[in-house]
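The following exercises concern salt bridges, helix packing, surface exposure and backbone geometry. Each task is followed by a solution that proceeds step by step.

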Amino acid sequence: MKLDTTMAVVTGGASGLGEATARHFAAQGAKVTLLDRDADRGTDVASEIGGHFAETDVTDEASVAAAIDLARSRMGGLNAAVNCAGIAVGIKTVGRDGPHPLPAFQKTIDINLVGSFNVARLAAAAMADNEPESDGARGVIINTASIAAFDGQKGQAAYAASKGGVVGMTLPMARDLASSGVRVMTIAPGIFKTPMLAGLPEDVQAALAADVPNPPRLGDPNEYARLAAFIVEMGYLNGEVIRLDGALRMR
Ligand SMILES: NC(=O)c1ccc[n+]([C@@H]2O[C@H](COP(=O)([O-])OP(=O)(O)OC[C@H]3O[C@@H](n4cnc5c(N)ncnc54)[C@H](O)[C@@H]3O)[C@@H](O)[C@H]2O)c1
């Protein structure tokens, strides 16, 4: 696959890693549709990059089905889906206020894990109808986990469980979709300078950056976007999780 013939949906495309991916893909000649629940920002980014926007809740079956239909008709097809929509929560299993509220745990799983699967399954079904490229490729799905899937910290039980689920579904989905010519890859980012992180005080950001062995800084969302672009074009990458973290191992 080549970026200049890629027709991609990017969830979470209104902000952070998804926004950087949408911008980078569009700059490389891809057609892009942003799927996000933030309509104001999503519309702005889409118009800046000459793309499309569909207000979407990734946890909702009908919402994602409608967004994928819209994306296919606006772009003339669909052969890439990048799952960046997600939320971060920090609550201990038992904290000062008592046990972790179950709804917060369930909501995190619902958006980060169920939402990613919901988009992946509907995008893959659409891609299965594509004419295969000369190597049999019909499309690619890129999920976003986190290094918290492997070394989750205090307060990250819900977040780490949701991202562990994303890691766990990567290989079986790649196997399920092999006969359709659709690859499935997951990126596990370390700590990236996105709106999710930029709200933290400068000294906290500096402390986080200092823990990264090399290079000792936060990740740039463009670095995520460039890896996503590489995955689209590198047809032999499949069924694997790539850490993108400057060798950070969280304690
Ligand atoms: N920033 C980091 O350091 C970091 C590290 C590891 C993993 N990640 C993961 O990367 C992904 C993107 O993170 P980010 O830092 O760009 O966050 P962000 O908050 O900047 O962007 C997330 C986007 O997802 C959208 N979104 C949230 N829930 C949604 C829903 N139900 N339906 C549709 N859209 C929804 C938001 O509106 C927002 O535009 C997340 O899955 C996050 O867990 C981020």
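**Exercise 1.** Determine which parts of the chain are tied together by the salt bridge of glutamate 61 and arginine 121.

Solution. Step 1: a salt bridge requires a side-chain nitrogen of Lys or Arg within 4 Å of a carboxyl oxygen of Asp or Glu. The side chains of glutamate 61 and arginine 121 satisfy this rule, with an N to O distance of 3.2 Å. Step 2: glutamate 61 belongs to helix α3 and arginine 121 to helix α4, so the pair ties together parts that are 60 residues apart in sequence. Helices (H or I, at least four residues) and strands (E, at least two) are DSSP runs, numbered from the N terminus. Step 3: for the surroundings, buried means under 20% relative accessible area, exposed over 50%, and partly exposed in between (1.4 Å probe, protein chains only). Glutamate 61 is exposed at 54%, and arginine 121 is partly exposed at 32%.

The model is predicted: local features need pLDDT of at least 70, side-chain atom pairs count only at pLDDT 80 or more, and totals for chains, interfaces and linings use all residues. Residues are numbered from 1 along each chain as its sequence is written, and side-chain values use heavy atoms, with hydrogens and water left out.

**Exercise 2.** Describe how helix α4 packs against α3 and against α6.

Solution. Step 1: axes are lines fitted to C-alpha atoms, for helices over the stretch in contact, and angles run from 0 to 180 degrees between N-to-C directions. Angles under 35 degrees count as roughly parallel, over 145 as roughly antiparallel, 65 to 115 as roughly perpendicular and the rest as oblique. Step 2: helix α3 (residues 61-75) and α4 have axes 10 Å apart and pack at an angle of about 40°; α3 and α4 are therefore oblique to each other. Step 3: the axes of helix α4 (residues 102-127) and helix α6 (residues 157-177) come within 8 Å and cross at roughly 20°. That angle makes α4 roughly parallel to α6. Step 4: a crossing is left-handed if the near helix is turned anticlockwise from the far one by less than a right angle, and right-handed if clockwise. The crossing of α3 with α4 is right-handed, and the crossing of α4 and α6 is right-handed.

**Exercise 3.** State how many salt bridges the rule yields, and locate the pair of aspartate 151 and arginine 243.

Solution. Step 1: the count comes to 10 salt bridges. Step 2: one of them joins the side chains of aspartate 151 and arginine 243 at 3.4 Å, N to O. Aspartate 151 lies in helix α5 (residues 148-151) and arginine 243 in strand β9 (residues 241-244), so this pair ties together parts that are 92 residues apart in sequence. Step 3: aspartate 151 is buried, at 14% relative accessible area, whereas arginine 243 is partly exposed at 25%.

**Exercise 4.** Characterise the pairing of arginine 251 with aspartate 211.

Solution. Step 1: the closest N and O atoms of this salt bridge are 3.9 Å apart. Step 2: the partners link distant parts of the chain, with arginine 251 in the segment after β9 and aspartate 211 in the loop between α8 (202-210) and α9, 40 residues apart. Step 3: arginine 251 is exposed at 80% relative accessibility, and aspartate 211 is partly exposed at 43%.

**Exercise 5.** Compare the exposure of phenylalanine 230 with that of valine 232.

Solution. Step 1: phenylalanine 230 is in helix α9 (residues 221-233), and valine 232 is in helix α9 as well. Step 2: phenylalanine 230 is partly exposed at 44% relative accessibility, but valine 232 is buried at 0%. Step 3: the C-alpha atom of valine 232 is separated by 8.5 Å from that of isoleucine 141, 91 residues away along the chain.

**Exercise 6.** Identify the unusual-geometry candidates by peptide bond and by phi.

Solution. Step 1: the peptide bond between asparagine 214 and proline 215 is cis, with omega about 0°. Proline 215 is in the loop between α8 and α9. Step 2: alanine 247 is a residue other than glycine with a positive phi, near 70°. Alanine 247 lies in the segment after β9 and is partly exposed, with a relative accessible area of 44%.
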